[in-house]
Structures are given as C-alpha cells and as structure tokens.
Amino acid sequence: MSATSPPSPLRLWWTQRPPAAGAAVMATGIVSVGLHLTGHETLSRVALVISCAAWLGLAADFAVRLLRERARWVAEAETPGALTAVAATTVLGTRFAALGWQTLAEALLALATLLWPVLIVLVVGHWKRRMPGGVFLGCVATQGLAVLAATLAATESAAWLAHTALVLFWLGLVLYGVALFRFDLRQVLEGAGDHWVAGGALAISALAGSKLIAADSARLYLWNDDDHGVLRAVTIVLLVLDLAWYAVLLVAEFARPRLAYDVRRWATVFPMGMTAAATLSVCAAVDVSWLRTPGEVLLWMAVAAWLAVAAGAVDEARTALRSTGRR
C-alpha cells in the first residue's frame, strides 16, 4: 500500500468520533460495575472487555490528535465532552480495583489525575449560558476521581488518599451547583441524550459519598461521629435527588419520545447505570437493605438501555461505513 493511499472506511469513520463518544466507555464500564455488585460476574467481565477495547481505541485517537492535530485537539478539549476521558478512565479504574488489580487501578488514577486539571480548566473556561447536559461533566469527572481515590484508600489503607477524595467530593458538588445555573432546562424535553447527566452527576456524587463512608475503618479512623453523620446525610440526600431527576427525565422521555440514535444517547445509559450502582453502593454503605431491590431493577433497566443504544450505534456505523465505502 502506498503512503498516499486513502484511509480505510473504518479508520475514517473512527477518526470522526466526537469527544462525547467517551460516554460509551463510561456507560459500559458502569454497567460492568453494577453487574459485579449484583453477582453477575460473567456478564460484568464481558462488559468490562468491551469497555476496555473502546477505551484503548479512544485513547489512541486522543494521543494521535494531541501529537499530530494539535489545533483539533485543543478545539475538542474545550468542549464538555472532553471530560469523558477523565470520567471513563476513573470508571474503569474502579472496576479494576474491584477485581483486585490495584496497580492498574492506581495507574489509571494517576492518568486521570494528570488529565483532569488540564481539561477542567479548558472546559470550565468555555462555559456559557443555556448549555446542554454535558455541562455537568465537570462534576462527573471530579466525582469519578473521588470514587476511585476513596476505593483505593480503603484497599491500600491510605488515609491521605481518602482525605483527597473528600476534597474532590465537595469540589464536585460545587461544580454541580455552578453547572445547574448554566443548564438549559428545556433540554429535559429537547435534549439528544446528554441531558440525563443532570441526574447522573448526582448519582456519581452519591456513589462517591458511599465510597468515602465505606473507606472508614478502625485501622484508618478517617471520620469522627459528626463527620460520618454529615457524610451519611449528604449521601442519602444526593441519592434521593438523583432518583427524583431520574423520574423526571424518564417521564420526559415518554412525553417527548426521541427514538433516533445519537452518540449522546450513551450519556443517557451512563446515568441510568450510575443510578443503579449508586443505589446498590449506598444500600451497603448506610445499611439500608431494602434499597437493593430497586437497585437491581434500575440495573436491568440500564442494561436494556445499553442494548438499545448499542444496536443503534452498530446500525449507524454500518450505514456510515457503506456510505464512506461508496465514495
């Protein structure tokens, strides 16, 4: 093949993926986490393999753009979707930590920590009024770091990591509040899928809270009674608010159906899966056993949504490849 040969249709299609495509990794990764929490280990590992494959492909594309297409990389790094790189990395790290692969989880935490300050500054600096649901990805990426840091703090008995996670947890809530003022509420009825992140950001915040509670132990003694009480109360409130958002967004989907596939629909699956995972995690952390059944129901709803969106993605890719191949 000559150096001037045109790229294959598959390669051309892949390079056209927007940064928001990272939500596919987030969605698949959190479904894997939820399946693990409910004991469906085989399905969980299948989802993990799919998520890893997608992450590797997107990471390679991220690196190529950074090295060879710097102007495009900067332009895309200024969009909210760029933060899916951080969030997806932390979701995978959390799943690897659950497998006991601590070194890999720590490496992913380090990578996400390097990416986060660069991308958060670029993205927040370009926030404006009446934004779509992607505006909440600042909160999601920050809480993703908190979740992974708190998870590793518990397994490694590292108090400093837990305290860092606590700072990120509160910072994530601040970013949520700021994003809420920037969010265009009309997106609830008109959004293409990423409007669900308005609820998903609260879900990952509740998950972070549950991980901080679970990280405490007699060996570490992270929080006194007052700290523990505040964390418990805030975590429960976050979960309740997330479930309220979930109900509103679900009703809006029935009131104004948007059935056509859009890559931003992965940003619908992620909050659905994250709400399930948060419910199951909070159930264990605050010892509210009756939450397990709703958590399992929400998980299978997320799995169904994942299958529907994945089918749409495959069909869209097939159509795009045929169109590219005929040129």
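This passage describes salt bridges, a buried helix, a buried threonine and a surface patch in a predicted model.

A good place to begin is with the charged side chains. A search of the whole structure finds 12 salt bridges. In one of them, the side chains of Glu41 and Arg95 meet with an N to O distance of 2.8 Å. Glu41 belongs to helix H3 (residues 41-68) and Arg95 to helix H5, so this pair ties together parts that lie 54 residues apart in sequence. The two partners differ in their surroundings: Glu41 is partly exposed, with a relative accessible area of 25%, whereas Arg95 counts as buried at 1% relative accessibility.

Helix H3 also takes part in a salt bridge through Arg65, whose partner is Glu76, with the closest N and O atoms 2.5 Å apart. Because Arg65 lies in helix H3 and Glu76 in helix H4 (residues 70-77), the pair ties together parts 11 residues apart in sequence. Arg65 counts as buried at 5% relative accessibility, and Glu76 is likewise buried at 17%, a value under the 20% cut-off for that class. Glu76 forms a salt bridge with Arg72 as well, and here the closest N and O atoms are 3.1 Å apart. Arg72 and Glu76 both sit in helix H4, 4 residues apart, or about one turn of the helix. Arg72 counts as partly exposed, at 28% relative accessibility. Through shared partners, salt bridges join Asp61, Arg65, Glu69, Arg72 and Glu76 into one network.

Helix H5, the home of Arg95, deserves a look of its own. Its 16 residues (84-99) should span 22 Å at 1.5 Å a residue, and the end C-alpha atoms are 23 Å apart, which agrees. Of these 16 residues, 14 are buried, so H5 is largely enclosed by the rest of the structure. Just after H5, Gly100 takes a positive phi of about 90°.

Turning to helix H12 (residues 266-285), Thr279 lies within this element and is buried, with a relative accessible area of 1%. A polar atom of the Thr279 side chain lies 2.7 Å from the backbone oxygen of Thr275. Beyond its neighbours within four places in sequence, Thr279 is in contact with Leu239, Leu243, Leu291, Gly295 and Leu298.

The surface offers a further feature. Leu171, Val174 and Val178 form a nonpolar patch there, with about 220 Å² of accessible area together. Leu171 lies in helix H8 (residues 159-182) and is partly exposed, with a relative accessible area of 32%.

Definitions and conventions. Residues numbered from 1 in each chain as written. Predicted model: local features only at pLDDT ≥ 70, side-chain atom pairs only at ≥ 80, totals over all residues. Heavy atoms only, no water. Patch = residues over 30% accessible without salt bridge, like charges linked within 9 Å, V, L, I, M, F, W, Y side chains within 5 Å. Areas by Shrake-Rupley, 256 points an atom, 1.4 Å probe, with all protein chains shown as cover. Salt bridge = Lys/Arg side-chain N within 4 Å of Asp/Glu carboxyl O. Helix = DSSP H or I, 4+ residues; strand = E, 2+ residues; numbered from the N terminus. Buried < 20%, exposed > 50% of the residue type's maximum accessible area, 1.4 Å probe, protein only. Polar contact = N/O pair within 3.5 Å; in protein donor to acceptor, adjacent residues only side chain to side chain. Contact = heavy atoms within 4.5 Å. Expected span 1.5 Å × (residues − 1).
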